[in-house]
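Q: I have a structure in front of me and I don't know where to start. Could you walk me through how to read it?

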Amino acid sequence: MRKLSSATRVVALGAVAAVALAGCSAGGNEGTESGSAEIRVWLVGTDTPEEARDLLKETFEEENPGSTLVIEEQSWTGLVDLLTTSLSGSDSPDIVEVGNTQAAAFTSAGAFLDLTEHYEDLGGDDLLPGFVEAGTYEDTFYAAPLYSGSRLVFYKKDALEAAGLSVPTSLEEYISNAEELAAANPGKSGLWWPGQDWYNALPFIWENGGEIAVADGEEWDAQFSSDESIAGLEQVQQLMTTASLAPKDGNETNPQVGYCEGTTLQLSAPSWVKWSILAPADAEAPGCPEEEANLGVYALPGADGGAAQVFAGGSNVAISANSENPELALEALKIILGDEFQTIYGENGLVPAKLSLAETLGTDEVAQASTAAAGNARLTPASPKWADVEAAGLLQDFFVKIAQGGDIPSLAEQLDADIEGILNG
Amino acid sequence: MTTTTASPHRTRRRVASVLYSALAVVIFIVSVFPVYWMVQTSFQPNSEIIGSDVNFWPEQFTLRNYETVFQASRAPFVPAFMNSLTITLLTVAIALVFAFLAALAVTRFRFKSRRAFILTILIVQMIPAEAVIVSMYRVLDSWSLLNTIAGLTIVYVATVLPFTIWTLRGFVNGVPVDLEEAAMIDGLSRIGAFWKITFPLLAPGLVATGVFGFIQAWNEFLLALVVNSRPEMMTLPVWLRTFLVATGTTNWAAIMAGSTLMSIPVIIFFLLVQRRMASGLVGGAVKG
Amino acid sequence: MTAPVSTIASAPTAVDGERLVTPGVQPPRFKRPRRRGGFTPYALLVPTLIALAAITFWPLLQLIIISFQEFGRAQVFGAPAPFVGFDNYAAVLADPTYWAVMGRSVAFCVVLVVVTMLAGTLVALLMTRLNAFFRVLLSVGLLLAWAMPALTATIVWGWMFDTSYGVVNFMLTNGLGLDFAQHSWLVEPLSFFFVAGLVIVWGAVPFVAFTIYAGLTQVPEEVLEAAQLDGAGAFQRFRLIIFPYLRSVFLVVTILQVIWDLKVFTQIFALQNIGGVRELTSTLGVYIYQNSLGTGEYGTGGAIAVLTVIFMLAISFLYVRQVVKEEEL
């Protein structure tokens, strides 16, 4: 060609520039089959103990000489956004942790590698069933359970005793306890409950016979405005307004502060909050280790006694469909689901991904409460779009308004409409 | 200022002057207080700042928060700082060169579609960046520029270009062509004339526009989060975010230390260029 | 800083020390000799055009296409995206939330622009009345506020307004004896926007003040003095002399503020993470984010973005028209 058209020239220039710039790429992602690859693992938040991280890295690098494994910590805020872009790109992480309620958004979109034929290798029917369900889409297994954790109620033994109360055995008693504690201790929270913390509200709905949403053929029918749910929401509002002095629009950050200051007498939080409370006084986020003997814990009681149906929080773990080294990633995944790695979760108060490891939780109060709670744990609606409901912050907004004393029936109706708009939209 | 005053005026003036000075002090305090609060919080132990009492001065002075953010195991400060600095300086430099050339084209030449170009530059500034992130991500991915300095730099250059061209155009317009032409009569080439005469006059303008590019690139957060997701490639705003966790324990003192560290380079940069900036701003703004 | 330059207003430019006195202050309506450059101007535009084409126009084109498609998370991972015509637009326009967000954004933007411009102008006028010491002091203060990154500024303000440990509640309670203990500033939308507005205005006033101050220094002193001798009050002097002189400065700064404030994202987004009700406090920028990245409805998000640009074009129409007119010179 003698004369390039100007368009061609522009394109050529752009290409040259792109190639030149690509030269300064960070590198490290040129994976090969010969085994000298780098596996990137995304863990979210700080739930996975340091010990487990080291174990994963060391074991993997020992078993796969020449390859390296890097753990990159991401944060829960905005995780769905970040995963959507990152998993779809060519520089995708190999293994990702994802919240169990978020998993469906990605399994349904084809973001994860099909693990169906490795189901048995990874643990088979020993894996937590609710989480296997969360990681399965249209009979294909994409995301394995990572760990589970339900919320437990932490309380000050002396405060409960001083008020002449004992550990509640029913939801009714739990509510009245919290109110009496608050009444007996002006300026303190009988139950610390910041408005954005919606996980703690779900048991009240379930225990009253309500639901979040039920599938009606292809459509979802949100249930917050059902009579049963409203009965539960009224209890929630009662607790938030009469027993809690936490910020009505606050989130569940730093629960240990009020506890250690003495202004929080009870709080419902993930099991690892125990370690935040008992952190040394000179730690970066200081706790109050002197409270150890006074720190009590129990599982939320149900309406008819026994453990309540609580929300099963936790994570799934999956291999990106865009992973450059799926075989190596699978090896790493096997370590993650191995007994040794999972035992560390158990020892740190989180429910391991395998039923057979339940006893690793130990026998202390936290462990017993965890086991009790896990036995009756429930999930959010199994819709690929549920993650979007969470990402939109609908539930936080809703409970902030409840905490402010908003009108429950009308708010619930609005919420149902919004949720249906997303789930069926 | 002026000194032509009669004596009744003088007392009135003095009162006014005291009032004005007092007002200036109030505005100064309002402007500086958040900065002060950030810095003083960063020198207190976390246990002091989260408590029922508020300290207006670090009673237990500590550098611990700075140690924390420097050594943070998940995201160390220095690499993020270097990434931010490299990307920002590259962005400013490249954007200024590109914008300068474009500003020359639209001010010194008549050509077809000149007006269309200027209109485009204006309209492009109205596009909300949040909407095009996914598309930008895919473009960078197709060029293998994810998690690179170059990728984010290109994006930032394109982001700050419209405003930079827009402002520089005013400055170049402000320098009369006659000066250049006179120099050419004296035997300089067109380029030489431009380089020796026009360019020095544009210095304040370049500084003023450079500052905007600097701030935008330094502070940008959303694209950086999505495009450079590898920890070793993160920029400072993303790094700062790692200290803000929705659940668990937020280390406010460390966040304030991080914020302070992130603000210092911008403040230094501002102090360096502020003299030229003030005069530059008018030049750019005046010529609509 | 030196005293205001007594400007040689008739000359197009003059260099006084390092101060560049620009022609626009008294806009010279002479025809700028522009050359027909043949290929040269295009060559000069090439770098810009390449950068914009790749990073701005191409994504923009995709955004427009997506806004006519059913485009969710599955499509990001490669599923085919069916065209749905104007369905996304119809859905957005029929959604009361969109109109609520729109109304809120516009109202917030108007308040922000008015307050910012007013405060910025007053600060600039104040600067002309100060002696060197106080002027430098004020400049340093403004400079610090300006230099503070928006994200860190929001975090710091959020921390100062913190419900439990914030200095604001502490001072109001312990200093003024009001009952602000545990008062949440973000939970009520109006109060949320008060805090957000404070953060934004605080960060924006320095730019406006410096720009207008720089313009003020170029208003010829003798004209002002003459007016004063003729008995014109301060307000009249501003209205009759300063404002007309700086008309174009005010126009540009106002338009920039409108564009920036209508698109405001960082401050609202970061504050929403601290507290408040998202649904009642989202502005256009945040709403677009929630609807595209947040819920994975990229088609809808695209439609909202396109509508926003059209809306901004409409309100800046007068300005755009003036630009076009000037360019015809």
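**Reading the chains**

A: Sure, let's begin with the secondary structure: chain A comes to 18 helices and 15 strands. Keep in mind throughout that this is a predicted model.

Q: What does the predictor say about the complex as a whole, in ipTM and pTM?

A: Those two scores belong to the complex rather than to single residues. Here the ipTM is 0.83 and the pTM is 0.81.

Q: Which box do the C-alpha atoms of chain A fill, and what is the radius of gyration of chain A next to that of a compact globule?

A: For the box, you go along the principal axes, and for chain A that gives roughly 90 × 50 × 40 Å. For the radius of gyration, you set the chain against a rule for its length. A compact globule of 425 residues would come out near 22 Å, and chain A has 24 Å, so the two agree.

Q: How much of chain A is buried, and what share of its contacts joins residues 24 or more positions apart?

A: To judge burial, you count C-beta neighbours around each residue, and 20 or more within 10 Å makes a residue buried. By that count, 55% of the 425 residues in chain A are buried. As for contacts with a separation of 6 or more, 75% of those in chain A are between residues 24 or more positions apart.

Q: What elements does chain B have, and in what order do they run?

A: Count them, then read from the N terminus. Chain B has twelve helices and one strand. The order is α-α-α-α-β-α-α-α-α-α-α-α-α, so to speak a row of helices with the strand after four of them. Buried residues account for 54% of its 288 residues. Of the contacts in chain B between residues at least 6 apart in sequence, 74% join residues at least 24 apart.

**Following one strand**

Q: Let's zoom in. Is strand β1 (residues 38-44) of chain A largely enclosed or exposed?

A: You check its residues one by one. Six of the seven are buried, so β1(A) is largely enclosed by the rest of the structure.

Q: Which strands does β1(A) pair with, and in which sense?

A: For pairing, you look for bridges and for direction. β1(A) pairs with strand β2 (residues 68-74) of chain A in the parallel sense, over seven bridges. You can spot one place to look: A:Glu38 stands opposite A:Thr68 in β2(A). β1(A) also runs parallel to strand β3 (residues 95-99) of chain A, with two bridges joining them. There, A:Val41 has A:Ile95 as its bridge partner.

Q: What do β1(A), helix α2 (residues 50-63) of chain A and β2(A) make together?

A: They make a β-α-β unit, and it is right-handed.

**Single residues**

Q: What is the general rule about the sign of phi?

A: Most residues other than glycine have a negative phi. A:Asp139 isn't a glycine, yet its phi is positive, about 65°. A:Asp139 sits in the loop between β4 (136-137) and β5 (140-141) of chain A. With 6 C-beta neighbours inside 10 Å, A:Asp139 counts as exposed.

Q: Where is B:Asn147, and is B:Asn147 buried or exposed?

A: B:Asn147 has a positive phi too, near 60°. Look for B:Asn147 in the loop between α6 (133-142) and α7 (149-174) of chain B. B:Asn147 is buried, because 23 other C-beta atoms lie within 10 Å.

Q: Which residues is A:Ala163 in contact with, leaving aside neighbours within four places in sequence?

A: A:Glu180, A:Leu181 and A:Ala184. A:Ala163 lies in the loop between α7 (157-162) and α8 (171-184) of chain A. It has 17 C-beta neighbours inside 10 Å, so A:Ala163 counts as partly exposed.

**Where chains meet**

Q: How many residues of chain C are in contact with chain B?

A: 96 residues of chain C are in contact with 80 residues of chain B. On the chain C side, helix α1 (residues 40-66) of chain C gives the largest share, 17 residues. That side divides into 66 nonpolar, 21 polar and nine charged residues.

Q: Which elements of chain C have the lowest and the highest mean pLDDT?

A: Strand β1 (residues 14-16) of chain C has the lowest, 29, and helix α4 (residues 96-129) of chain C the highest, 94. Over residues 1-31 of chain C the pLDDT is below 50. The mean for chain C is 81, and 87% of its residues reach 70 or more.

Notes. Residues numbered from 1 in each chain as written. Chains lettered and ligands numbered in written order. Predicted model: local features only at pLDDT ≥ 70, side-chain atom pairs only at ≥ 80, totals over all residues. pLDDT = per-residue confidence, 0-100. Helix = DSSP H or I, 4+ residues; strand = E, 2+ residues; numbered from the N terminus. Contact = placed C-beta atoms within 7 Å. Buried ≥ 20, exposed ≤ 12 C-beta atoms within 10 Å, placed from the backbone. Pairing = 2+ DSSP bridges. Right-handed = clockwise from strand over helix to strand, strands pointing away. Rg over C-alpha atoms; globule rule 2.2 N^0.38 Å. Nonpolar A, V, L, I, M, F, W, Y, C, P; charged D, E, K, R; others polar.
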